[in-house]
Amino acid sequence: MICQAVIIGGGPAGLAAALRLKECGIEDILILEREPTLGGILRQCIHDGFGLVRFKKSLSGPEYAQRFIDEIEVAGIKYLTECTVIDVTEDKIITAVSKHHGYLEIKAKAVLLTMGCRERTRGALAIPGTRPAGVYTAGVAQSYINLQDVMVGKEIVILGSGDIGLIMARRLTLEGAHVKGVYEILPYPSGLPRNIEQCLNDYDIPLHLSHTVVDIHGQKRLKGVTVARCDESLRPIEGTESFIACDTLILSVGLIPENELSLSAGVKLDSRTRGAFVDEYYQTNVEGIFAAGNVLHVHDLVDFVSLEAEEMAAHVASYLKSGSTSLGNVSVVAGQNVGHVIPQKVCGDSDFTLSLRVRQPMKNVSIVVAQNGQVVFQKKMRKAIPAEMIQAKIKAGKLKPEGDLEVTVQ
Amino acid sequence: MRDFDVAIIGGGVIGSAIARELMRYQLNVAVLEKESDVCVHTSGRNTGMLHAGFLYKPGSLKAKFAVEGNKEFDTVAKELDVPFKRTGKLIVGFTPEDRERLEYFIQRGKINGVIDMELIDRKRMDEIDSSAGGNFAVYCPSSGILDPFIYTIALAENAVNNGAEYFLNTEVIAYERLADDQHLLRTKTGEIFRARWVINSSGLRSAQISEMLGIPGYVIQLVKGEYFVLDKKAGEFAQIPVYPAPTPQFTFDTHATPTVDGNVLVGPNSINVEDGEDYSVSQEGMDGLQESGKKMFKHMKREYYIRTFAGARPKLIDPETGQVQDFVVQRPENTPGIINLVGIESPGLTCALPIARRVVKLLKDKEELTRNPAFNPVRKGIVRFHDKTTQEKARLIQKNPDYGEIVCRCETITRAEIVQALHNPLGVSTVNGVKMRTRASMGRCQGGYCEMRITALIREELGKEIDEVTLTGCGSEMFTGAVKGGMEE
Amino acid sequence: MKRMFTCIICPNGCDIEAEIDGQKILSLTGHLCAKGVDYVTQELTDPRRTIASSVKVTGGTLPLTSVRVTNSIPKDMIFHVMNEINKRTLEAPVSIGQVVIANVLNLNSDVIVTKNVPAIRD
């Protein structure tokens, strides 16, 4: 099978990219989705607050996804569900399996990586203790509760204050569980302030900053956890331990772009974002392979995932029409107080967007983008927090062809 | 009450090997296992190493059985469909004292019948595995790695397929010798088993069960060992198990071993414990492994951690000297009808079948056994999609569409494999049981994608209610009920 | 007196410092837009929230559909509304926008379906 553009993953990024490709005149598009329906993680994100940027309306996750799915149907874009991609090569040959279609090999002119992200696990954190039932990542718990009608526990402790953890604190409370507290190793929350307010404060769920779980108890089902206060270098302070009885521990300790397929295609990853190195066209180091959304870097809002995927798709369309894109020479460098920046390489011939996150919460700051000491962009912000993605739109023609572009927050 | 010719207490790798070997004869065999599956304790919590046999005292059962078990394992692995690789092993040294000890073990190996060990320099080491630590090493080509879960499960399944009966969740708590020298075993749940022979292969509890059966006096020291499991990305660097030179007490410290599936195990440490079934992993333990692991494996990095686990070894010790003793495999004359195994620890996995044959011989010495003409030594495992070629994969899906549904993304495990695992011959229905049989959820996302699919399949395929789905058996329920309605009514 | 608010209207999540006298706002700082004023006013007089949950579906391709309220409801009514939602069961097919409970507890808000669940075809 041969196809112009293959999109791996029918979540928010993949759906938005498909629609934009079609708008740009690309007809031969195929979305490959492993679940029985399109929509990706939005299927289980039943809370509202999606679409405020894109649709100026507060929608639930499934509603937000359905708007795209309906358009996909109207546009007649081809997709396969229950179809899992198991390999992608540098030559853009995609191997997928499906119980309906068997073993598929598809040769694509362009591959759009939109696989989203996965959750960091207990194993990756190496939390000490036993291995009982009752320890779930927030997304897994969310799927059990919102998709399978299965309740994970009654007395809950949440480790990590990422947005999914906060959302789950509220969901579990609404469904009758008792959330005893949220423990965050950092001295500031990882989730958005409004989620702290409406998911924790509204339900009198305490948030313990600078605290972590240092032991897990119970041989069969979880019996409790030991928590401790942490010092500035995030190490538990001896003597501050206390035992909390609970039957469930929910982990909301970070998301990791799901790049196993990207790696098999020879795509190089940035150790900071754990997503691909891309240029301003969202093209990876492998010509014709593009990436956007959470597979590229973890976003705070789905609206920005859709917007980024649309931008990528427009560039994919011109790549498919013109056959090539000029590779940028200018490296984008994360400078002072900046955790990471996307894209990592630009040429500056057309408008582009820089997406970045700060390393720690800051007030009254300036986002400064400079090349060879010359400021090319500056934006003042009253506050900047790691939980929020910051974007800077750079106009075409602002850059010199040589010299690193340094992004700092001062 | 159920009557059997032989009742085996403990269905780990040893009990299962014994059951399998006994099925070569016309015997009714029961295996009484207190857990919900067969490799919950020591049999499933180890490095998965096929030892060569150079470490053990010449003339000991450990030495004899290890050499015997090692030699035959290619055939065994084929017969029982067990993932196995004869990788060889590097035992590495840093100091002149290490070198002395390594040379001593080459000699000891020779006496034991391990004839092909050689001392090699760093240059040769780099050719074999550049990620190994150390300045020089002994290279032992006959060592290997195997999947300890699948090996134990395969022995048990082969025993069952040949007519043995497994009783899971069946803990023996009392023993009585009857007037006719038959034996009565009572279980925690009140079941009674009567047998002409009782075999103690209860691993961690072997000293207690031995005492219960009328053979007191054994002292077991339980030694816990903690491990890290590293991502397959680290596995790409690991070609061969790398062990440090043995300690003066003839034991191995932390080593780094590739697994048959391509991960890396770093561990174990050694901690004397009271409760052998407390498998918690400690911060100090992990900090220690991080340091000692680096010496063996240059790519021991935090980014590769996917899991930790712990196991325990039941070491039989001389209470006077504290010295670790050889395996006990005995049929005491004053306790007729009892075959007693105590202190079976490392290299127990390697020795399982030789030990089982010794047990059969001890039994045969006392009564004539009739061959079982129907015995089939071959056991077929689950056909793994991931291992197949492109054509074979396509054919598998064509024959069974469930092979086209990927359930575990990280390890590429299909629905067909999960379904086969759920209908296993032992009747195990736990989430961990599926994991050990298929590898589903052993990858880097640790079940983030597949666990919810596996629990749904347990309900669908086995007709379990929401609150009957367990991780490791009764008491480890995964869920408290339905979110909506289900449980209230 | 001074009181801090975190505006939940949009993802900016402005930290708003309010000088208030009972339910009256004397001054506000920290809000990026006029919605912040509305939010604080609402919080002082009649705090409201939206909620989302699920309803059991019979005969569908999924065991649950998701639901939400169409207008925010008084904060102290959240668990009362949850009780009403928990009483309901729907028969597949259900589709987005379908009203599960009209004007729930007379709060001027409907509970509506937010996910399509087709019926299982035999």
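A good place to start is a turn in chain A: in the hairpin of strand 25 and strand 26 of chain A, two residues lie between the strands, and A:Asn372 there takes a positive phi near 50 degrees. Strands here, and helices too, are DSSP runs numbered from the N terminus (E, at least two residues, for strands; H or I, at least four, for helices). The model is predicted, so local features need pLDDT of at least 70 and side-chain atom pairs count only at pLDDT 80 or more, while totals for chains, interfaces and linings use all residues. Residues are numbered from 1 along each chain as its sequence is written, and chains are lettered from A and ligands numbered from 1 in the order in which they are written.

**Chain A**

The hairpin's two arms, strand 25 (residues 362-371) and strand 26 (residues 374-384) of chain A, pair in the antiparallel sense over nine bridges. Two strands count as paired if DSSP finds at least two bridges between them. Within this pair, A:Ser366 stands opposite A:Lys380 of strand 26 of chain A.

Stepping back, chain A holds eight helices and 28 strands. Its radius of gyration is 22 Å, close to the 22 Å that the globule rule gives for 410 residues, so chain A is as compact as a globular protein of that length. That radius is taken over C-alpha atoms, and the rule is 2.2 Å times the number of residues to the power 0.38. Along the principal axes, the C-alpha atoms of chain A fill a box of roughly 65 × 60 × 40 Å.

Two helix pairs of chain A are worth a visit. Their angles run from 0 to 180 degrees between N-to-C directions, with axes fitted as lines to C-alpha atoms, for helices over the stretch in contact.

| Helix pair of chain A | Axis distance | Angle |
|---|---|---|
| Helix 1 (residues 12-23) and helix 2 (residues 61-75) | 10 Å | about 35 degrees |
| Helix 4 (residues 138-147) and helix 5 (residues 163-174) | within 9 Å | roughly 35 degrees |

Helix 1 of chain A passes helix 2 of chain A in a left-handed crossing. A crossing is left-handed if the near helix is turned anticlockwise from the far one by less than a right angle, and right-handed if clockwise. Residues of helix 1 of chain A, including A:Leu15 and A:Leu19, meet residues of helix 2 of chain A, among them A:Phe68 and A:Ile72. By class, this contact of helix 1 with helix 2 has 10 nonpolar, no polar and two charged residues. Here Ala, Val, Leu, Ile, Met, Phe, Trp, Tyr, Cys and Pro count as nonpolar, Asp, Glu, Lys and Arg as charged, and the others, Gly among them, as polar.

The crossing of helix 4 and helix 5 of chain A is left-handed. In helix 4 of chain A, A:Ala138, A:Gly139, A:Ala141, A:Gln142 and A:Ile145 meet A:Ile164, A:Gly165, A:Met168 and A:Arg171 of helix 5 of chain A. The residues of this contact are five nonpolar, three polar and one charged.

**Where chain A meets chain B**

Residues are in contact if their C-beta atoms, placed from the backbone, lie within 7 Å. By that rule, 38 residues of chain A are in contact with 41 residues of chain B. Helix 4 of chain A gives the most to the chain A side, with five residues. That side has 15 nonpolar, 12 polar and 11 charged residues. Strand 11 of chain A also pairs with strand 23 (residues 481-482) of chain B, in the antiparallel sense over two bridges. There, A:Met151 has B:Gly481 as its bridge partner.

**Chain B**

Chain B is divided into domain 1 (1-83 + 146-219 + 317-381), domain 2 (89-141 + 222-310) and domain 3 (385-468). Such bounds come from an automatic or database domain assignment. The centres of domain 1 and domain 2 of chain B, taken over C-alpha atoms, are separated by 28 Å. Their contact takes 17 residues from domain 1 of chain B and 21 residues from domain 2 of chain B.

**Chain C**

Three strands of chain C form an open antiparallel sheet in the order 1-2-3. Its edge strands, strand 1 (2-6) and strand 3 (24-29) of chain C, each pair on one side only. Strand 1 and strand 2 (residues 15-21) of chain C pair over five bridges, with C:Glu19 as the bridge partner of C:Lys2. Helix 1 (residues 35-45) of chain C lies across the three strands, at about 145 degrees to strand 3 of chain C.

Methods
Contact = placed C-beta atoms within 7 Å.
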